[in-house]
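Open the structure in your viewer and keep the sequence panel in sight. The stops below go from the whole chain to single residues.

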Amino acid sequence: MPRQVFDRLKNLGLKVAFKKKEEAVCPVIGEDKIAEYQEKAVKKLKKLSRHGYVRITSRGNSAIFAALFIAKKINPKPKLIIPDQGGWISFKRYPLILNFAVKEVKTHYGIIDLDDLKEQSKNASALIFTSFAGYFAEQPLKKIFKICKANNCLVIEDASGAVGDRKLCNGKYSDIIVASFGKWSPVNSGYGGFISSNNPEHFNAAKEVFSMISVHPSFFKEVIPKLNNQRLKSILEKAEAIKKDLKKFQIVHPDSRGLNVVVKFDAQTLPQLLDYCQKNSLQYVLCPNYIRLNERAISIEAKRIDFLKKIC
Ligand SMILES: Cc1ncc(COP(=O)(O)O)c(C=O)c1O
């Protein structure tokens, strides 16, 4: 009980039992320490995103909403482009809240069709897409950026699968980057995310949304050790090993880097694939599924492996 409350009660003639020494329930991080950790986390993310402005958010989804809000204000055109598969659920839902007309750009099993993008990006406010399509195939980021810039269409890269990657999560070829630090992301902090940009006007335009987003003060310290490419590298290596094991099956984009391995199946191969997953303790997602592939296939989720647990 705080001393002032105790004194007031005593003045009122009330006897209150006072514990001599209060035990701290949890360690308290001082304001200056919080600011220090926040600065450190932001600095790391600036390096990883190659962007000058970074904001840590409560979720990947809140970062996505902020990015779309920025697009609406900075580049006000009715159309917003998303990939026809290999995207994220919020790409379909959030733009409607902001009165965007959502148009799908064609993909080749998740990888954006550049000819269609040339057409679709005309008169579009922004393109939002995942830089690892459905977490299983790498997008041609530089080419996408070039086409969109020629048509004055903002590029919003969802780099949830690519934080720490040498080529993707790349502010050189993205106007805005968003990412999730959720459970099965390469940066798996359980929750949180970030948004970044090189343009101060973007962050200024998002002020109202930013005022709705915060994280617990302890989050900055927790996330710092995870802001690197270690887990991402382990996942990419594991996915390559899975592809080797399954080379006689119909792998989608076998030569592209990815965090998951997507394999088409038929009545004969499905039991074999399920057996492989079970024997190797691998989780999977059945497709068709917008967030992976719109075809009959199985997505073997190397990104869900808990590498740390296995080492300890
Ligand atoms: C590609 C992608 N973007 C965004 C999100 C949303 O992230 P969050 O759950 O942190 O809001 C997810 C979540 O899994 C995701 O996979």
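A residue counts as buried if 20 or more other C-beta atoms lie within 10 Å of its own C-beta atom, as exposed if 12 or fewer do, and as partly exposed in between. Keep that rule at hand. The model on screen is predicted.

**Stop 1: the whole chain**

Show the protein chain as a cartoon. Its secondary structure consists of twelve helices and 15 strands. Along the principal axes, the C-alpha atoms fill a box of roughly 80 × 50 × 30 Å. The chain has 312 residues, and 43% of them count as buried. Take the contacts between residues at least 6 apart in sequence: 67% of these join residues at least 24 apart.

**Stop 2: two domains**

Colour residues 31–226 as domain 1 and residues 230–311 as domain 2, following the domain assignment. The centres of the two domains, taken over C-alpha atoms, are separated by 25 Å. Where they meet, 21 residues of domain 1 are in contact with 20 residues of domain 2. On the domain 1 side, the touching residues divide into eleven nonpolar, eight polar and two charged.

**Stop 3: the ligand**

Select the ligand, then the residues around it. Among them are Arg59, Gly60, Asn61, Trp88 and Thr130. The list continues with Asp158, Ser160, Ser180, Gly182 and Gly193. Sorted by class, this shell has one nonpolar, seven polar and two charged residues.

**Stop 4: helix 6**

Select residues 141–150, which form helix 6. Which residues of helix 6 are buried? They are Leu141, Ile144, Ile147 and Cys148. Turn the view to look down the axis of helix 6: the buried residues fall within an arc of 135 degrees, so they line one face of the helix. On the other side of helix 6, Lys142 and Ala150 are exposed. Now add the elements that the buried residues pack against: strand 5 (111–112), helix 5 (114–120), strand 6 (124–130) and strand 9 (154–158). Just after helix 6, look at asparagine 152, which takes a positive phi of about 50 degrees.

**Stop 5: two loop residues with positive phi**

Go to asparagine 123, in the loop between helix 5 and strand 6. Its phi is near 60 degrees, a positive value in a residue other than glycine. Is asparagine 123 buried or exposed? It has 12 C-beta neighbours inside 10 Å, so it counts as exposed.

Next select histidine 253, in the loop between strand 12 (250–251) and strand 13 (261–264). Histidine 253 is not a glycine either, and its phi is positive, about 50 degrees. With 20 other C-beta atoms within 10 Å, histidine 253 is buried.

**Stop 6: valine 261**

Move along to valine 261, in strand 13. There are 28 other C-beta atoms within 10 Å of valine 261, so it is buried. Leaving aside residues up to four places away in sequence, valine 261 touches Phe136, Ala239, Ile242, Lys243, Leu246, Ile251, Ile300 and Ala302. Add a distance label from valine 261 to tyrosine 284: they are 23 residues apart in sequence and 9.3 Å apart in space, C-alpha to C-alpha.

**Stop 7: a cis peptide bond**

End at proline 288, in the loop between strand 14 (284–287) and strand 15 (297–300). Show the backbone here. The peptide bond from cysteine 287 to proline 288 is cis, with omega near 15 degrees.

Definitions and conventions: Residues numbered from 1 in each chain as written. Predicted model: local features only at pLDDT ≥ 70, side-chain atom pairs only at ≥ 80, totals over all residues. Domains from an automatic or database assignment. Contact = placed C-beta atoms within 7 Å. Nonpolar A, V, L, I, M, F, W, Y, C, P; charged D, E, K, R; others polar. Helix = DSSP H or I, 4+ residues; strand = E, 2+ residues; numbered from the N terminus. Arc of directions from axis to C-beta. Near = placed C-beta within 6 Å.
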